[in-house]
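Student: I am new to this structure and would like a close look at one part of it, the inside of the protein. Could you take me through that part slowly and connect it to what lies around it?

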Amino acid sequence: MADDLGWSDLGCYGGEIDTPHIDSLARDGLSFTQFYNNAICGPTRASLLTGLYCQQVGHRGEHWNDPKDFSKCVTIGELLQQAGYQTMMVGKWQGRDLALDRGFDRFFGPMCQAKISYFHEVKQNPYYLDRKRIELPKDFYLTDALNDHAVRFLNESLTKKKPFFLYVAHIAPHWPLHAREAEVARYRERYRTTGWDKVRSQRFKNQRQAGLMPADWKLSPRPAGVQDWDTETHKDWQAERMAVYAAQVASIDRGIGRLLQALKDANAVDNTLVIFLSDNGAAPDGGLTPSKSGFGFGPKSKNTDWRKDGIPIHPGSGPDNLPGPHDTFAAYGLAWANASNTPLRGAKLSGYEGGIRTPLVVRWPAAIRKRGGITRQPGHVIDFMATCLDVANASYPTEFKGRKPLPLEGKSLLPIFQGHQRKGHEALCWSVPQHQAIRMGQWKAIRPKKGGQWQLFNLESDGLETIDLAEREPERVKEMTSRFKVWYKRVKAE
Ligand SMILES: [Ca+2]
């Protein structure tokens, strides 16, 4: 799982960033065009691990650091561990407890909130190997370290010839923009000579050609706040922002390549299910909020608590100081985030498709007969628990170690992998930082989180959410929103 990766960043979803290994997953497997997450890191992870809506396990969906409530759920790790699997996790855990106390045999990563550097440990964010706090080597680069540990853990279980579950939760390409110069150099000219308008139109063209988008759809105009690339006066700085971001994405892809190679070497690549997704849409600036001294982390930031070694607050956030090196802390901004999410509306935190829709590629030759296929069947991160249990031939318990987990909300994706039409969700609901939304069939109703009018969109004819049909279809809006309210009351109460 990538962190804050936009819908169109992968080559197989129309992007120009080099992602040959992830593209190979799509070429050998199946790509989803309508797969959903919870618009922000913690709530998506909570649903992914438990098969429940995030509100049911203590994530209100509004903020990233709500406490997790494990009394009403179990994790995929716990159930697969019980089913005889070696369970391993690297990367962004975001739990209060250690991953080893929540069903994982092995763990490597930071006790992560977003206060992170790709080049060293930052204050209050120590790294752990299993239960042991560790020091990082001098030449540390976060994504490479996660790749190294993922491969090491995988090889251990392949040697044991034990079935395994490996959850690799990358922190890339989440800001800050940090990458090694040699990696950034590969992308610098590409973005200087194109800019966000050309990137966006080329990605949309690629998506239509690949069949990810209907061929007759038109690209929506630039949203408010994004200027014409030709009138941008700091093109070198802007290009550098996207070049560093692209390098961060490419570093994830290198890891996927190494994992696939390890599986090939062990003759296990055809009977291993590999799934790739993002936890939410592209992020213009995440929690980076302007203050007198530049950008700090989060609305209540004291502008000091992520720092180490006297690094100033906002280097890299402006044209006088390019992002990328260890002593910068910057994000890539709205214009590039909008290009990353091509052609969808909205970004991270939003209930529009650009916030909650993720690329999802699945490789499993033993089950996926039609290679290189695309499915339009909707799915949601709540479906992974049911899918993993289905694949592992394990069942969801009514009681687990004294806890009484809530009934599963998700449904197995296995029938879709196998080329069947599954009986999907009658409704999918969201209460994410900026919006509340419900999707039923091709219809989606959405309103601002703080209340206000519901909008209605027909995602089949208008997946870019440009034509509000609420006034034309009041009965439908009424039916959907009353259903949403029942859901909201239920998950909040639980
Ligand atoms: Ca995220």
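**A look inside the core**

Tutor: Leaving aside residues up to four places away in sequence, A246 is in contact with I17 and Y187. The model in front of you is a predicted one, and A246 is a useful place to enter it, since A246 is named with M89, L166 and A243 as the residues that touch the most other members of the largest nonpolar core, a set of 125 residues. Helix α7, which spans residues 235-265, supplies the largest share of this core, namely 12 residues. The core also draws at least three residues from each of the two domains, domain 1 (11-424) and domain 2 (434-494). As a general background, nonpolar side chains in soluble globular proteins tend to be buried together.

From the core we can turn to the two domains. The C-alpha centres of domain 1 and domain 2 are 26 Å apart, and the contact between them takes 15 residues from domain 1 and 12 residues from domain 2. On the side of domain 1 that touches domain 2, seven residues are nonpolar, five are polar and three are charged.

Next comes the sheet. Five strands, in the order β5-β4-β3-β2-β6, make up an open sheet with mixed pairing. Its edge strands are β5 (132-134) and β6 (164-169), each of which pairs on one side only, and on average neighbouring strands are turned by 20 degrees against each other when direction is ignored. Helix α4, residues 142-160, packs on this sheet and touches β2 (86-91), β3 (106-110) and β6, while its direction makes about 170 degrees with that of β2. Towards the β5 edge, strand β4, residues 127-129, pairs with β5 in the antiparallel sense over three bridges, and within this pairing Y128 stands opposite R133 of β5.

Another covered element is helix α2, residues 41-50, where 10 of its 10 residues are buried. Among them are C41, P43, A46, L48 and L49, along with T44, R45 and S47. The buried residues of α2 pack against α3 (76-82) and α10 (383-392), and the helix is followed by G51, which has a positive phi near 75 degrees.

The loops hold some backbone details that are worth a careful look. Most residues other than glycine have a negative phi, and most peptide bonds are trans. Against that background, the peptide bond from W175 to P176 is cis, with omega near 10 degrees, and P176 lies in the loop between β6 and α5 (181-192). A cis peptide bond also joins T342 and P343, with omega about -5 degrees, and P343 belongs to the loop between α8 (333-340) and α9 (353-356).

Two residues that are not glycine have a positive phi: N267, at about 60 degrees, and K401, near 50 degrees. N267 sits in the loop between α7 and β7 (274-277), so this detail brings us back to the helix that gives the core its largest share. N267 counts as exposed because 9 other C-beta atoms lie within 10 Å. K401, in the loop between α10 and α11 (414-417), is likewise exposed, with 8 C-beta neighbours inside 10 Å.

How values were computed. Residues are numbered from 1 along each chain as its sequence is written. This is a predicted model: local features need pLDDT of at least 70, side-chain atom pairs count only at pLDDT 80 or more; totals for chains, interfaces and linings use all residues. Two strands pair if DSSP finds at least two bridges between them. Helices (H or I, at least four residues) and strands (E, at least two) are DSSP runs, numbered from the N terminus. Axes are lines fitted to C-alpha atoms, for helices over the stretch in contact, and angles run from 0 to 180 degrees between N-to-C directions. Two residues are in contact if their C-beta atoms, placed from the backbone, lie within 7 Å. A nonpolar core is a set of buried Ala, Val, Leu, Ile, Met, Phe, Trp, Tyr and Cys residues joined through C-beta atoms within 7 Å. A residue is buried if 20 or more other C-beta atoms lie within 10 Å of its own, exposed if 12 or fewer, and partly exposed in between; C-beta atoms are placed from the backbone. Domain bounds come from an automatic or database domain assignment. Ala, Val, Leu, Ile, Met, Phe, Trp, Tyr, Cys and Pro count as nonpolar, Asp, Glu, Lys and Arg as charged, and the others, Gly among them, as polar.
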